[in-house]
Each structure stands twice: as structure tokens, then as C-alpha cells.
Amino acid sequence: MTEPLLVDRTDAVVTLTLNRPHAMNALDLALKEALRDTLAELETDRSCRAVVLTGAGGAFSAGQDLREHVATLDNSSAPPLDTVRAHYNPIAARLANLPKPVVAAVRGMAAGAGASLAFLADIRVGGPGTSFLMAFAKVGLAADTGASWTLPRLVGHAKAVELLMLAEPVRAEEACRLGLITRLTDDDEQVLPAAQELATRLAAGPTVAYGAIKRQLSIADAGTLADALAAEAQAQAICGATADHRAATEAFVAKQKPVFEGR
């Protein structure tokens, strides 16, 4: 049986590949459970210092597997969208709060929950064929997988309303202009290598500080200046006590290149 999620480790970089190319990597139960549980394992895996999230074949992810969903609507006694509580919410929380950098390699279409997954990454790399579609309203649904939180932060409130309500595709150049893509390659074949190169660079950096930066920004986005200042004080207390900070400071004074170990 083909694994729904491929996990590849290259040094300190873990690449997670949504592996249902025959279905445009639509998210069925097996894939959602595998992604949720693997992200939980990576939270405390000290050998992993950066994550790449990508899709097999020509698409990133078409979002929820609607064929499976129709069967659930017809045959299940559970609430129709119980998967949001059981799968999408934990996946979104773990991606957003992962204490290490996440780079999404978005080749081809990212729709619905698939687009939401990409928006939870810290950096998104796309190519000429990359496109996003907030498809929820097309099937009578509101946003999930964190899109109501990520989209306004990426594109602003008004644009988020437009993307979610009109559910029109956003092509690569416009996505880059809006901030849905962080970096745009000239060739779709370069999307994954470019993402892995960025992840390798990040994995060699001060990963404790990167995790602290992610927490700071999350607090500052929703909080007051006082909240942000308190988060900064806490983050600097943590980072200031790391071996990485001491070694990098000494390297700077000695005019040498620092070596970070993530501790």
C-alpha cells in the first residue's frame, strides 16, 4: 500500500510530501492522520531543524477529498465536519507553532485546505504554475485549517474577504504580489529544490531564535504593544541563555563565521 505521506530526512531537514498524486494530493483520512501525527513527532525531534512541506506530482493539494467527504455525509452519524476538530485544527496548530522553520514548496494548485496548509508555512516558494483557490464557499463552507487567521495577516482583511467569498483563483505573479508566495522561481521544476535549499540554510541557523521569532509574531499579531514587549523580553531571556547566542557573539567579536547548533 502506498504511504499517504512520505517522510524524507536529509541531514537536519525533513521533507514531508503529500503523496496522493492521482487525486491532486486531496486530503483523505489516512493523509490527515499521518500529517497530524508526524508533525506532533517533529515538535520534539531535536534532529529536525527545518521542515519542507510539498505535494507529489503536479499539484500541492486540492484540499479535502470530497469523494470521501460525500460518503461521510451519507453514512456517518458523526457531525458532518468533525474532521475540522479531529484533524484540521491540530494540523494547523502544529504547523503554526512548530518551533522550527517550515518552508512550503507549492507547485501547481493549492486549493481549500491545501492552500490553508501552505499559508501556515513560514516561507512559501512557488513557480509559474502555482495558483491558490480558496474553494470553501464553492461547496457551501466557511474557511478552515487556519485560513481565517492566516489570510488577513498575509493579504489584509478586505482582500481575505474577497478571496474567501468570491473563490477565484490567484495565479503565481498575483500571489507573489499579495504575499501568498514568498519567493517565485522561474521554473516549476525548481520549486522543490529552491525550498529545500532555503530549509537547509535555515536548519544551519539559530533555530531556537527562529522558534522564538515565530512565537513573538504570533503574539504581536493579536495583542497589544504591552503583549509584544512582554513576549520580546521572554524570548530574549530564552535566546540569550543559549549556547548559540554565546558562540555567535564570540564569533562576531573575533570576526569569524558563527556555527549554530540549535541549543
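**Exercise 1. Determine which element gives the largest share of the lining of the largest pocket, and describe that lining.**

Step 1. The largest share of this lining, 8 residues, comes from H9, where helices (H or I, at least four residues) and strands (E, at least two) are DSSP runs numbered from the N terminus. The model is a predicted one, in which local features need pLDDT of at least 70 and side-chain atom pairs count only at pLDDT 80 or more, while totals for chains, interfaces and linings use all residues. Residues are numbered from 1 along each chain as its sequence is written, and side-chain values use heavy atoms, with hydrogens and water left out.

Step 2. A pocket is found on a 1 Å grid over the protein atoms alone, as an open set of points where a 1.4 Å probe fits, with protein on both sides within 12 Å along at least five of seven lines, and its lining residues have an atom within 4 Å of a point. The largest pocket is lined by 23 residues, and Leu120, Ala121, Asp122, Lys214 and Leu217 lie nearest its centre. The elements that give two or more residues to this lining are helix H3 (82-97), strand S6 (123-126), helix H5 (147-155) and helix H9 (207-222).

Step 3. By residue class, the lining divides into 13 nonpolar, 4 polar and 6 charged residues, with Ala, Val, Leu, Ile, Met, Phe, Trp, Tyr, Cys and Pro counted as nonpolar, Asp, Glu, Lys and Arg as charged, and the others, Gly among them, as polar. The volume of the largest pocket is about 560 Å³, a volume being the space filled by probe spheres set on the grid points, which are joined across faces, edges and corners.

**Exercise 2. Establish how S2 is paired and whether its residues are buried or exposed.**

Step 1. Strand S1 (residues 5-10) pairs with S2 in the antiparallel sense over 6 bridges, pairing being assigned if DSSP finds at least two bridges between two strands. Val14 in S2 is the bridge partner of Arg9, and in the hairpin of S1 and S2, with 2 residues between the strands, Asp11 takes a positive phi near 55°.

Step 2. S2 is also joined by 6 bridges to strand S3 (residues 50-55), and these two run parallel; here Thr17 stands opposite Thr54 in S3.

Step 3. In strand S2 (residues 13-18), 6 of its 6 residues are buried, buried meaning under 20% relative accessible area, exposed over 50%, and partly exposed in between (1.4 Å probe, protein chains only). Val13, Thr15 and Thr17 point one way from the strand, whereas Val14, Leu16 and Leu18 point the other way.

**Exercise 3. Place Leu16 within the largest nonpolar core.**

Step 1. A nonpolar core is a set of buried Ala, Val, Leu, Ile, Met, Phe, Trp, Tyr and Cys residues joined through side-chain atoms within 4.5 Å. The largest such core has 43 residues, of which Leu16, Leu35, Leu117, Phe132 and Leu180 touch the most other members.

Step 2. Leaving out residues up to four places away in sequence, the contacts of Leu16 (heavy atoms within 4.5 Å) include Leu5, Val7, Leu35, Leu39, Val51 and Leu53. Apart from the largest core lies another, of 14 residues, among them Ala50, Val103, Ala195 and Leu202.

**Exercise 4. Compare the settings of Met24 and Lys255, two residues with positive phi.**

Step 1. Met24, not a glycine, has a positive phi of about 55°, and its place is in the loop between S2 and helix H1 (29-43). Met24 counts as partly exposed because its relative accessibility is 39%.

Step 2. Lys255, likewise other than glycine, has a positive phi near 55° and lies in the segment after helix H11 (243-253). With a relative accessible area of 79%, Lys255 is exposed.
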